[in-house]
Amino acid sequence: MRAMVLKEPKRALQLRDVPKPKPGRGQLLVRVSTCAVCRTDLHVVDGELPDPKLPLILGHQIVGRVEEIGEMSKGPQRSDSRGARDAPAFAIGDRVGIPWLGWTDGDCSYCRSGRENLCDNARFTGYTLDGGYAEFTIADARYCFHLPERYDDVEVAPLLCAGLIGYRSYRKTGDARRLGIYGFGNAAHLIAQIAVHEGRELYVFTRPGDTKTQQSAKSLGAKWAGGSDETPPEKLDAAIIFASVGPLVPAALRALAKGGVVVCGGIHMTDIPSFPYVDLWEERVITSVANLTRRDGDEFFEIAPRVPVRTRTLGFPLEQANTVLDQFREGKLNGTAVLLMDAT
Ligand SMILES: [Zn+2]
Ligand SMILES: [Zn+2]
């Protein structure tokens, strides 16, 4: 099969003809249709995340069809912790979504307390497991999703990470009425739609001077949009930071009302500069979001088609993955890039 392979960080991916993987016990062999590109892919290629599997096939927003099913374990499927759920059943030909969380041990203190996103032994698609920049991939069926029918294979791909992890970040803001979002990229664009749908007041911060993105945020229903160096007209109850820019943390803290929370929604961020304690005082909180639980996905895929959350996508053939990553790094993509396996 054709695959774009990362041999080592800081090198371009190579188009290779590699053996088609074989599904093991409990795994699905999936014929990949689309795979959306995530900023995390960029962090892996740039060597900003430790210890990736090498060589590696990137990609963790995978949509495809079940081609073959490995032997399934007998007996009732476990829904053993509050973060997990009954394993979905798949048949040959079913459409399937494969997310970032690829496997957990189900047994550590995190898994047992409904926090499988923090599992000590978790494996991640397109990072410590091979992902979807390829014609086929394998995935543990218990971590896969059935996808809402209202979306086609291209539209739905960005929901699998930008959507899911964005949703987890959003949920961490509780019932905040005034919600700030720093960095209006793919995840922010999706979550903003849910926030507005749920009646939150949305305040969007972009790079200073990026009036085009500010306009786009307003057209989605943001009450206010401005540069990250500006002060919003109201104090915020919560802020989510999607940009990987550490200095935004103290900036967001200063925009919060008492008891407010800053949620860092990315997997990697530059260093956070020091700030006076008074900015944190009065029960303000800084937290981060790591990975996702299957429950997050089930909730999100139930809500997304009802809003409905719409994605902005740009399709590219698989072979153009390097070009896509370069354009992403340079901030030139005006939507989520989605690799198409049968575009050639
Ligand atoms: Zn665990
Ligand atoms: Zn991602």
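Donors are N, O and S atoms within 2.8 Å of the metal. The structure described here is a predicted model, and the donors of its zinc ion (ligand 1) are spaced D-x2-C-x2-C-x7-C in sequence. Of these donor residues, Cys108 is placed in the loop between β7 (101-103) and α2 (109-112), while Cys119 belongs to the loop between α2 and β8 (123-124), so the two cysteines tie together parts that are 11 residues apart in sequence. Both Cys108 and Cys119 are buried. The full set of protein donors consists of Asp105 through OD and of Cys108, Cys111 and Cys119 through SG, at 2.0 to 2.3 Å from the zinc ion (ligand 1). Four donors count as tetrahedral if all angles lie between 85 and 135 degrees. Around the zinc ion (ligand 1) the 4 donor atoms subtend angles of 97 to 119°, and the arrangement is therefore tetrahedral.

A further zinc ion (ligand 2) has Cys38 (SG), His60 (NE2) and Cys161 (SG) as its protein donors, lying 2.0 to 2.2 Å from the ion. Along the chain, the donors of the zinc ion (ligand 2) follow the spacing C-x21-H-x100-C. His60 is located in the loop between β4 (56-57) and β5 (62-69), and Cys161 in the loop between α3 (153-156) and α4 (162-171), so this pair ties together parts that are 101 residues apart in sequence. Residues count as buried under 20% relative accessible area. His60 has 0% relative accessibility and so counts as buried. Cys161, with a relative accessible area of 5%, is buried.

The helix α5 has 12 residues. From its first C-alpha to its last, α5 reaches 17 Å, close to the 16 Å expected at 1.5 Å a residue. Because 10 of the 12 residues of α5 are buried, the helix is largely enclosed by the rest of the structure. Among the buried residues of α5 are Asn186, His189, Leu190, Ile191, Gln193 and Ile194. Just after α5, Gly199 takes a positive phi of about 85°.

Arg200 is found in the loop between α5 (186-197) and β11 (201-206). Arg200 has a relative accessible area of 16%, and is therefore buried. The side chain of Arg200 reaches two backbone oxygens, that of Gly174 at 3.3 Å and that of Ala176 at 3.1 Å. Leaving aside residues up to four places away in sequence, Arg200 touches Tyr170, Arg171, Thr173, Gly174, Asp175, Ala176, Arg177 and Ala195. Of these contacts, Ala195 is itself a buried residue of α5.

Aromatic rings were also examined. A pair of aromatic rings is described by the distance of the centres and the angle of the planes. Rings of Phe, Tyr and Trp pair if their centres lie within 6.5 Å. By this rule the count comes to 8 aromatic pairs. In one of the pairs, the rings of Tyr277 and Trp281 have centres 6.3 Å apart and planes at 50°, so the pair is tilted. Tyr277 has a relative accessible area of 57% and is therefore exposed. Trp281, at 46% relative accessibility, counts as partly exposed. Elsewhere, ring pairs link Phe145, Tyr167, Phe300 and Phe301 into a cluster.

Methods: Residues numbered from 1 in each chain as written. Chains lettered and ligands numbered in written order. Predicted model: local features only at pLDDT ≥ 70, side-chain atom pairs only at ≥ 80, totals over all residues. Heavy atoms only, no water. Donors = N, O, S within 2.8 Å, 3.2 Å for Na, K, Ca; no water. Tetrahedral: all angles 85-135°; square planar, octahedral: opposite > 155°, others 65-115°. Helix = DSSP H or I, 4+ residues; strand = E, 2+ residues; numbered from the N terminus. Buried < 20%, exposed > 50% of the residue type's maximum accessible area, 1.4 Å probe, protein only. Polar contact = N/O pair within 3.5 Å; in protein donor to acceptor, adjacent residues only side chain to side chain. Contact = heavy atoms within 4.5 Å. Expected span 1.5 Å × (residues − 1). Phe/Tyr/Trp six-rings, centres within 6.5 Å; stacked < 30°, edge-to-face > 60°.
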